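Biologist: Before we discuss the terms used for this protein, may I see its sequence and structure? I should then like to ask what stands behind each description.

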Amino acid sequence: MPHEPGQTMVVATVRFAPGARTAWHSHEHGQYLRVTQGVARFGGRDGTIIEVHPGQTLYTPPGEEHWHAAAPGCFMEHIAMLQNGEDPATTTTWREHITDDEYNGTVQP
């Protein structure tokens, strides 16, 4: 949470159990995710899944729907960095939960 009225940057450490995942979502101003432990999976609406390892950073552009998760069999931690929307309630738009097939990359877009 910002400490001053003009601050809009949000930084959070997020931990996932093996196989845990977010729902589909997008960010008004985009998001940087830096993996600090384990192996992360990031999926897009086109069916692409990217595995990201500790020390790597992934950028998601504004409005791009995506999900993030821990790879099977390992815990994962990342640092999420994003800017609040003009209305903080619009910073992240949440959508439906991802399916097992989407998580496993076995579904066509």
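**Reasoning from the predicted model**

Modeller: In this predicted model, four strands make up an open sheet, ordered S1-S8-S3-S6, with antiparallel pairing. From one strand to the next the twist averages 20 degrees.

Biologist: What makes S1 and S6 the edge strands?

Modeller: Strand S1 (9–16) and strand S6 (57–60) each pair on one side only. Two strands count as paired if at least two bridges are found between them.

Biologist: How do you know that S3 and S8 pair?

Modeller: The cut-off is at least two bridges, and five bridges join S3 to S8, therefore the two strands pair. They run antiparallel. One of the bridges has Gln-37 with Glu-77 of S8 as its partner.

Biologist: Why is strand S7 called largely enclosed?

Modeller: A residue is buried when its relative accessible area is under 20%. Five of the five residues of S7 (residues 66–70) are buried, so the rest of the structure largely encloses this strand. His-66, His-68 and Ala-70 are buried on one side, and Trp-67 and Ala-69 are buried on the other. In a regular strand, side chains alternate between the two faces of the sheet.

Biologist: Which strand is joined to S7 by five bridges?

Modeller: Strand S4 (residues 40–44) is joined to S7 by five bridges, and the two run antiparallel. Ala-40 has Ala-70 as its bridge partner in S7. S4 is itself mostly covered, with five of its five residues buried. Ala-40, Phe-42 and Gly-44 point one way from S4, while Arg-41 and Gly-43 point the other way.

Biologist: What links S4 to S5?

Modeller: Four bridges pair S4 with strand S5 (residues 49–52) in the antiparallel sense. The bridge partner of Ala-40 in S5 is Val-52. S4 and S5 form a hairpin with four residues between them, and Gly-47 in the turn has a positive phi of about 90 degrees.

Biologist: What makes a group of residues a nonpolar core, and which residues form the largest one?

Modeller: The members must be buried, of nonpolar type, and joined through side-chain atoms within 4.5 Å. The largest core has ten residues: Phe-16, Leu-33, Val-35, Ala-40, Phe-42, Val-52, Leu-58, Ala-70, Met-76 and Ala-80. Strand S3 (31–37), S4 and strand S8 (76–83) each contribute at least two residues to this core. A second, separate core has five residues, among them Trp-24, Trp-67, Ile-98 and Tyr-103. In soluble globular proteins, nonpolar side chains tend to be buried together.

Biologist: Ile-98 lies in the loop between strand S9 (92–97) and helix H1 (100–104). Why is Ile-98 called buried?

Modeller: Its relative accessible area is 9%, and the limit for a buried residue is under 20%; Ile-98 is therefore buried. Leaving aside neighbours within four places in sequence, Ile-98 is in contact with Arg-21, Thr-22, Ala-23, Trp-24, Trp-67 and Tyr-103.

Biologist: Which strands help to line the largest pocket, and what is its volume?

Modeller: The largest pocket has a volume of about 160 Å³. S4, S6 and S7 each supply at least two residues of the lining. The lining residues include Phe-42, Gly-43, Gly-44, Leu-58, Tyr-59, Thr-60, His-66 and Trp-67. To count as lining, a residue must have an atom within 4 Å of a pocket point.

Methods:
Residues are numbered from 1 along each chain as its sequence is written. This is a predicted model: local features need pLDDT of at least 70, side-chain atom pairs count only at pLDDT 80 or more; totals for chains, interfaces and linings use all residues. Side-chain values use heavy atoms; hydrogens and water are left out. Buried means under 20% relative accessible area, exposed over 50%, partly exposed in between (1.4 Å probe, protein chains only). Axes are lines fitted to C-alpha atoms, for helices over the stretch in contact, and angles run from 0 to 180 degrees between N-to-C directions. On a 1 Å grid over the protein atoms alone, a cavity is a set of points where a 1.4 Å probe fits but cannot get out, and a pocket is an open set with protein on both sides within 12 Å along at least five of seven lines; lining residues have an atom within 4 Å of a point. Grid points are joined across faces, edges and corners, and a volume is the space filled by probe spheres set on the points. Contact means heavy atoms within 4.5 Å.
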